[in-house]
Amino acid sequence: SLWRIGLALGLPLGYTEQGLRDLVGTTAWGPLYLIALSALTEAAALLTLGLVRRWGEVVPRWIPLLGGRTIPRLAVTVPAWLGVGVLALLWTPFLFWWTLPHPGMTVTGRLLVGFIYLPLVAWAPLLAAVTLSYRHRRTGP
């Protein structure tokens with residue numbers, strides 16, 4: 001997210017000048033898209049914590065009208081499994097990052113971006129693991 005926000009602010013961060021222009025564009029929509037994508041990614045990561053924290057089972061008491069209510073198991077696990085699928089489709093191709101051409105990037109930028117994004121490949125299987133753990137914890141032995 002920090003890398004995307006830097007790009008939205010106009011920092012090349014591994015891109016050539018033309019590559020940055022091609023990525024971000026010349027209107028405000030490009031930077032807004034990058035910032036919104038960063039916020040969405042952070043929100044998804046935060047929601048993942050609900051699978052291992054108590055607030056993923058019971059609505060926190062400080063939330064008006066809903067506080068203290070038990071969250072239905074399927075209301076958590078169905079979106080989590082959908083998230084596993086989406087994340088697998090989005091991030092698994094990054095295993096092949098270095099085999100694809102990236103003409104708008106510098107050699108060093110291509111290498112660094114590949115390493116920055118590579119850990120995201122693990123997000124889908126790790127989300128699957130905590131979703132299974134959540135289901136097991138909520139269902140019981």
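**Figure 1. Arg-54 and Glu-57 joined by a salt bridge.** In this predicted model, the side chains of Arg-54 and Glu-57 come together as a salt bridge, with an N to O distance of 3.2 Å. The two partners sit in contrasting surroundings: Arg-54 is exposed, at 56% relative accessible area, whereas Glu-57 is buried, at 15%. If you are counting such pairs, a search of the whole structure turns up two salt bridges.

**Figure 2. Glu-57 meets Arg-137.** Here Glu-57 appears again, now in a salt bridge with Arg-137 whose closest N and O atoms are 2.7 Å apart. Arg-137 belongs to helix H6, while Glu-57 is in the loop between H3 and helix H4 (73-91), so this salt bridge ties together parts of the chain that lie 80 residues apart in sequence. Arg-137 is partly exposed, with 37% relative accessible area. Taken together, Arg-54, Glu-57 and Arg-137 make up a network of salt bridges.

**Figure 3. Helix H3 packed with helix H6.** Two packed helices are described by the angle between their axes and the distance between the axes. For H3 (residues 29-49) and H6 (residues 123-139), the angle is about 30 degrees and the axes are 11 Å apart. Since angles under 35 degrees count as roughly parallel, H3 is roughly parallel to H6. Have a look at the residues in this contact: H3 brings Thr-41, Ala-44, Ala-45 and Thr-48, and H6 brings Trp-123, Leu-127 and Val-130. Five residues of the contact are nonpolar and two are polar, with no charged residue taking part.

**Figure 4. Trp-3 and Tyr-117 as an aromatic pair.** The structure holds seven aromatic pairs, and this view shows one of them. A pair of aromatic rings is described by the distance of the centres and the angle of the planes. The ring centres of Trp-3 and Tyr-117 are 5.4 Å apart and the planes are at 85 degrees, so the pair is edge-to-face. Trp-3 comes from helix H1 (residues 2-8) and Tyr-117 from helix H5 (residues 107-117), so that the pair links distant parts of the chain, 114 residues apart. Trp-3 is buried, with a relative accessibility of 15%, and Tyr-117 is buried too, with a relative accessible area of 10%.

**Figure 5. Trp-91, Phe-94 and the aromatic cluster.** In the pair of Trp-91 and Phe-94, the ring centres are 5.4 Å apart and the planes are at 45 degrees, so this pair is tilted. Both Trp-91 and Phe-94 are buried. Step back from the pair and you will find a cluster in which ring pairs link Trp-3, Tyr-15, Trp-91, Phe-94, Trp-97 and Tyr-117.

**Figure 6. Leu-13 and Leu-65, two residues with positive phi.** Most residues other than glycine have a negative phi. Leu-13, however, has a positive phi, near 40 degrees. Leu-13 is in the loop between H1 and helix H2 (17-24), and with 35% relative accessibility it is partly exposed. Leu-65 also has a positive phi, near 70 degrees. Leu-65 is part of the loop between H3 and H4, and is exposed, with a relative accessible area of 80%.

Key:
Residues are numbered from 1 along each chain as its sequence is written. Side-chain values use heavy atoms; hydrogens and water are left out. Axes are lines fitted to C-alpha atoms, for helices over the stretch in contact, and angles run from 0 to 180 degrees between N-to-C directions. Helices (H or I, at least four residues) and strands (E, at least two) are DSSP runs, numbered from the N terminus. Angles under 35 degrees count as roughly parallel, over 145 as roughly antiparallel, 65 to 115 as roughly perpendicular and the rest as oblique. Contact means heavy atoms within 4.5 Å. Ala, Val, Leu, Ile, Met, Phe, Trp, Tyr, Cys and Pro count as nonpolar, Asp, Glu, Lys and Arg as charged, and the others, Gly among them, as polar. A salt bridge is a side-chain nitrogen of Lys or Arg within 4 Å of a carboxyl oxygen of Asp or Glu. Buried means under 20% relative accessible area, exposed over 50%, partly exposed in between (1.4 Å probe, protein chains only). Rings of Phe, Tyr and Trp (its six-membered ring) pair if their centres lie within 6.5 Å; planes under 30 degrees apart count as stacked, over 60 as edge-to-face and the rest as tilted.
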